[in-house]
There are 2 protein chains.
Amino acid sequence: MDLIEEIKKRSSHVDKGIEEYLPIDKPYELYKAARYLPDAGGKRLRPATVILAAEAVGSDLETVLPAAVAVELVHNFTLVHDDIMDRDDIRRGMPAVHVKWGEAGAILAGDTLYSKAFEILTHASGEPERILKCIDILSKACRDICEGQWMDVEFEDRNDVTKEEYLEMIEKKTGVLYAASMQIGAILGGSSEEVSDAFYEFGRLIGIAFQIYDDVIDMTTPEEILGKVRGSDLMEGKKTLIAIHALNKGVELRIFGKGEATTEEINEAVQQLEDAGSIGYVRDLALNYIAKGKELLNIVDDSESKTILLAVADYMITRSY
Amino acid sequence: MDLIEEIKKRSSHVDKGIEEYLPIDKPYELYKAARYLPDAGGKRLRPATVILAAEAVGSDLETVLPAAVAVELVHNFTLVHDDIMDRDDIRRGMPAVHVKWGEAGAILAGDTLYSKAFEILTHASGEPERILKCIDILSKACRDICEGQWMDVEFEDRNDVTKEEYLEMIEKKTGVLYAASMQIGAILGGSSEEVSDAFYEFGRLIGIAFQIYDDVIDMTTPEEILGKVRGSDLMEGKKTLIAIHALNKGVELRIFGKGEATTEEINEAVQQLEDAGSIGYVRDLALNYIAKGKELLNIVDDSESKTILLAVADYMITRSY
């Protein structure tokens, strides 16, 4: 089974769904700004998991395609607004929305994506009770994302962020949308509450693992594969879980928050983190989340889609960038 | 019947509803930022019309209170984001949200209000089909508001805005949320589709009238009542319907877009607009929208709530500020 191939099979329908459900209407520039990021691609992992969850409970792609598109638009909405807040001018290798259309344009493009996501989800096929439940889950996920982003911004000015706070932040920023994707796919796919709750938890765990494994990748992947300097999190002084673990152990990292460092200095810092067990600790934690998540899928019978979902979980902690 | 008193009777429940449905939770500063504007008051006209529409079709306040709160939160969400875009630093006599919490804080506070509005509406009481229909209406209204705001920003750089374009812009910026409020109140109140559609149209018409009458007020209300210099729209070069009418008639307004003017110059400009029939034209148009709107309410039996709704319509074009 080729995971990338299986994701692509489904994401090509998501691409078409975006064109169909979010047509470029008047005022054209607003909709061009709204479509800019969704059209630029991305892995489409979240909408793919909506579809895979539905398939794993015996439903199909057609039934949940609107919901998959809605989730992808919500994801893009958060990227557009986050880039304004974080002053990130490049996204997916292109100028960010606020660079091309100005800040006002980007705020409105984000709000339009958000509105459209709910509009599309409202028109999903299925029993009204199930659709309502999905809207509830998605709106709550959006609120969690706002809370997570707020915490992330707040953490920048703090030196006492705990492991628990960090995990809560990334659960909200990343975990809940994977969780909501899986749960929505299962619910609209017709599953019982017990099954859809298990899918939520599966998504939550692999979403958290995805995010903390990012910190490991930043330390361990060579520059030629990573596409940016290794250890940039350290130089920027980011309070990642690795940094929190090391600081708690009293490790003194000379390059932490210094903005730049030589290759030797980076190698030295990474070695310090390996010696303190900080990188291993976070890697093990990510592995643990994935193992726990995968166990939860025992609740459904074996199927091709289940195999792919298990591979998605493994992908979270085996990818090198 | 004392209109202000009748609105207050209902808005006091909306105040309590906001506290109940949008509690100040962790992270506290995010929720304080989100609650800041709703707590600062405002007329609460929109939620009051949700309630009045429900009453006029035979339902009651309790049934539609969550929906009324949802509409008020959506209204506040648009204010928070609009103030960032328009660089308006004062709102309701206080520093705007982006002044107190920074731009990132205001973007997130707005997004939180928006998410919460849908979450609350999802939990409204009523048949799931009716709630879904209301979510559809509200999400479409939000998208219209984005389109209207986009047009408004775009119009600033154009000198060829037509009457039709202006009316479409204010219909979207202001009309649709009144329309949605009335329709949602009627739907959750249990009305037929014919009745709820009439309420939508009633709200749309009085919402447009409200906005174009604002332009008249800016010209005709003395500074001591208006709370700002009369004719400020002219000095700012705003393409209001009055200005569009006058420019089309070839009237040359010396102070248009000049940023400042003496009292004599303002009086002279207003006189020019009166002579050209521009102010009368817009006043008549507003009156016409209100008359058409009121006729639509013939679809329901007379009741106290209907009388109040008719008074709300008249208020739109009799208020002096």
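In this predicted model, the secondary structure of chain A amounts to 14 helices and two strands. The radius of gyration of chain A is 20 Å, close to the 20 Å that the globule rule gives for 321 residues, so chain A is as compact as a globular protein of that length. A second copy, chain B, can be superposed on chain A by a rotation of 180 degrees.

**Overall form and packing of chain A**

- Along its principal axes, the C-alpha trace of chain A spans about 55 × 50 × 35 Å.
- Of the 321 residues in chain A, 59% count as buried.
- Among the contacts in chain A with a separation of 6 or more, 70% are accounted for by residues 24 or more positions apart.

**Surface and charge of chain A**

- The area that chain A exposes is about 12900 Å², and carbon and sulfur atoms supply 47% of it.
- Chain A carries 36 positive and 59 negative side chains, and the centres of these two sets lie 1 Å apart.

**Relation between the two copies**

- Two copies of a chain are related by a rotation about an axis and a shift along it.
- For chain A and chain B, the rotation of 180 degrees comes with 0.0 Å of shift along its axis, and the superposition has an RMSD of 0.1 Å; that is the relation of a two-fold axis.
- In chain A, the C-alpha nearest the axis belongs to A:Pro128, and it lies 2.8 Å from that axis.
- Both copies are served by the same surface, as 100% of the contact residues of chain A recur in chain B.

Technical notes. Residues numbered from 1 in each chain as written. Chains lettered and ligands numbered in written order. Predicted model: local features only at pLDDT ≥ 70, side-chain atom pairs only at ≥ 80, totals over all residues. Heavy atoms only, no water. Helix = DSSP H or I, 4+ residues; strand = E, 2+ residues; numbered from the N terminus. Rg over C-alpha atoms; globule rule 2.2 N^0.38 Å. Buried < 20%, exposed > 50% of the residue type's maximum accessible area, 1.4 Å probe, protein only. Contact = heavy atoms within 4.5 Å. Areas by Shrake-Rupley, 256 points an atom, 1.4 Å probe, with all protein chains shown as cover. Lys, Arg positive; Asp, Glu negative; His and termini not counted. Charge placed at Lys NZ, Arg CZ, Asp CG, Glu CD. Least-squares fit on C-alpha atoms with pLDDT ≥ 70 in both.
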